[in-house]
Amino acid sequence: MSATLVLLRHGQSTWNAENLFTGWWDCPLSELGAAEATESGRLMADAGLALDVVHTSLQTRAIRTAELALAEMGLSWLPVRRHWRLNERHYGDLTGRDKAQTAERYGEDQVFTWRRSYDVPPPPISDDNGHDPNGDRRYAELPPDVLPASECLADVVDRMLPYWFDGIVPDLAAGRTVLVAAHGNSLRALVKHLDGISDDAISGLNIPTGVPLVYELDPTTMRPAEPGDPLARSLGDPEAVARAAAAVAAQAQGG
Ligand SMILES: O=C(O)[C@@H](CO)OP(=O)(O)O
C-alpha cells in the first residue's frame, strides 16, 4: 500500500494575470484561474482520487482553488486545515512589481537569481512598498521571529517542512488521501524535499497553475516509491503542462 498525496498550485490569480510579483499579497483568482480550479477537480475525479482531507495556505487563491476543485468533485464537505507555513514564498520588496519591468530595470540574470536561485532572497519589504502583507490580521499571532520580510526558496523549505512533518504526514500515515492546495514556490519547496532535487536543479522547476501532481509515497519513508520528474506526475495533457511550465519560466523576461 502506498500513501497518496496530491499537490495543487492554485489557479491563475489576478496578479499572475497582470504579471506582478505576488508572494504573500492576498489577491483573488482571475476568471481563468477559477475555471482552472474547477478543471483540476474534474481531473482529480476522473483519475478516481478519493480525497479524505485537504490542507491549504492562509491565502485566498489557494483556499478558493481547493473549494472550487472540491465542489466539482462533490467533496465540499471534506475537512480542511490551513496554515501560514504553506503560504507562497514572501517576495520582499519585489511584491507588487511587474516581473518584466523588474527584469528591464535590474537585468534578467538578477531577476532570475531573485526568482529561482535557492539561497538569494529578494530585498526585504520596505516601508514605502505599498503592498506589505505582514500587518494583515491573519498573521497577528505569529511570533515576530518567524514573520518573514523576504524569503529565498531555502527559507521556504525551512518554514514549510515543520508543517509537512507535523501537519500533513500524520494524515498520510493514517491512510488518508491528502490534497495540498498551495503555491508555486511553497510546492517547489515540498517537491524538492520529496524528490530529493538538488539546490541547483530546483531552479529549473516551474509548476503551472491548476495542475494536480499525484505522488504515491512509500508509507515508511514518506518519499515517492520512484523519485522522478515532478511534472511527470501531472494529471492532464503532458504537452500542455510543459508549455504552461515554460510560460511560468518566461514571465520575467524583459521587453
Ligand atoms: O509572484 C509570485 O508570488 C510567484 C508565483 O506566482 O511568482 P514566481 O513564479 O515569479 O516565483
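Colleague: In what order do the strands of the open sheet run?
Modeller: Keep in mind that this is a predicted model. The sheet is open, has 6 strands and shows mixed pairing. Reading across, the order is β3-β2-β4-β1-β5-β6.

Colleague: And which strands stand at the edges of that sheet?
Modeller: Look for strands with a single partner strand, so that one side is left without a neighbour in the sheet. The two that fit are β3 and β6 (223–224).

Colleague: Let's take β2. Which residue of β3 stands opposite His55?
Modeller: β2 and β3 (residues 80–82) pair over 3 bridges in the parallel sense. Across from His55, on the β3 side, you'll find Arg81.

Colleague: What does His55 stand opposite in β4?
Modeller: Strand β2 (residues 53–56) is joined to β4 (residues 178–182) by 4 bridges, and these two run parallel. Thr56 has Ala181 as its bridge partner there. For His55, the residue opposite in β4 is Val180.

Colleague: What is the handedness of the β-α-β unit that β2 and β3 make with a helix?
Modeller: The helix in that unit is α3 (residues 60–73). The two strands that go with α3 are β2 and β3, parallel to each other. The unit they make is right-handed.

Colleague: Do β1 and β5 run parallel or antiparallel?
Modeller: β1 covers residues 3–9, β5 covers residues 212–218, and 6 bridges join them. One pair to look at is Leu8, which stands opposite Pro212 in β5. The strands run antiparallel.

Colleague: Which residue takes a positive phi in the hairpin of β5 and β6?
Modeller: These two strands pair over 2 bridges, in the antiparallel sense, and Leu217 has Pro224 as its bridge partner in β6. The hairpin has 4 residues between the strands. The one with a positive phi, near 55°, is Met222.

Colleague: On to the helices. Why do the buried residues of α4 line one face?
Modeller: The buried ones in α4 are Lys99, Thr102 and Ala103. They line one face of the helix because, seen down the axis of α4, they fall within an arc of 100°.

Colleague: What do those buried residues of α4 pack against?
Modeller: Just after α4 comes Gly107, with a positive phi of about 95°. The partner for the buried residues of α4 is another helix, α5.

Colleague: How wide an arc do the buried residues of α5 cover around the axis?
Modeller: In α5 (residues 108–116), Val111, Trp114 and Arg115 are buried. They sit on the same side of α5, because the arc they cover around the axis is only 95°. What covers them includes α4 (99–106).

Modeller: To put the value last, that arc is 95°.

Colleague: Is Arg89 buried or exposed?
Modeller: Arg89 has its place in the loop between β3 and α4. Leaving out residues up to four places away in sequence, Arg89 touches Gly23, Glu151, Leu153, Val156, Asn185 and Ser186. The cut-off for burial is 20 or more other C-beta atoms within 10 Å. Arg89 has 27 of them, so Arg89 counts as buried.

Colleague: How many charged residues are in the shell around the ligand?
Modeller: The residues around the ligand include Asn16, Phe21, Thr22, Glu88, Tyr91 and Arg115. Gly23 and Asn185 are there too, and both are touched by Arg89. By class, the shell has 3 nonpolar and 6 polar residues, and the charged ones number 2.

Terms used
Residues numbered from 1 in each chain as written. Predicted model: local features only at pLDDT ≥ 70, side-chain atom pairs only at ≥ 80, totals over all residues. Pairing = 2+ DSSP bridges. Right-handed = clockwise from strand over helix to strand, strands pointing away. Near = placed C-beta within 6 Å. Nonpolar A, V, L, I, M, F, W, Y, C, P; charged D, E, K, R; others polar. Buried ≥ 20, exposed ≤ 12 C-beta atoms within 10 Å, placed from the backbone. Arc of directions from axis to C-beta. Contact = placed C-beta atoms within 7 Å.
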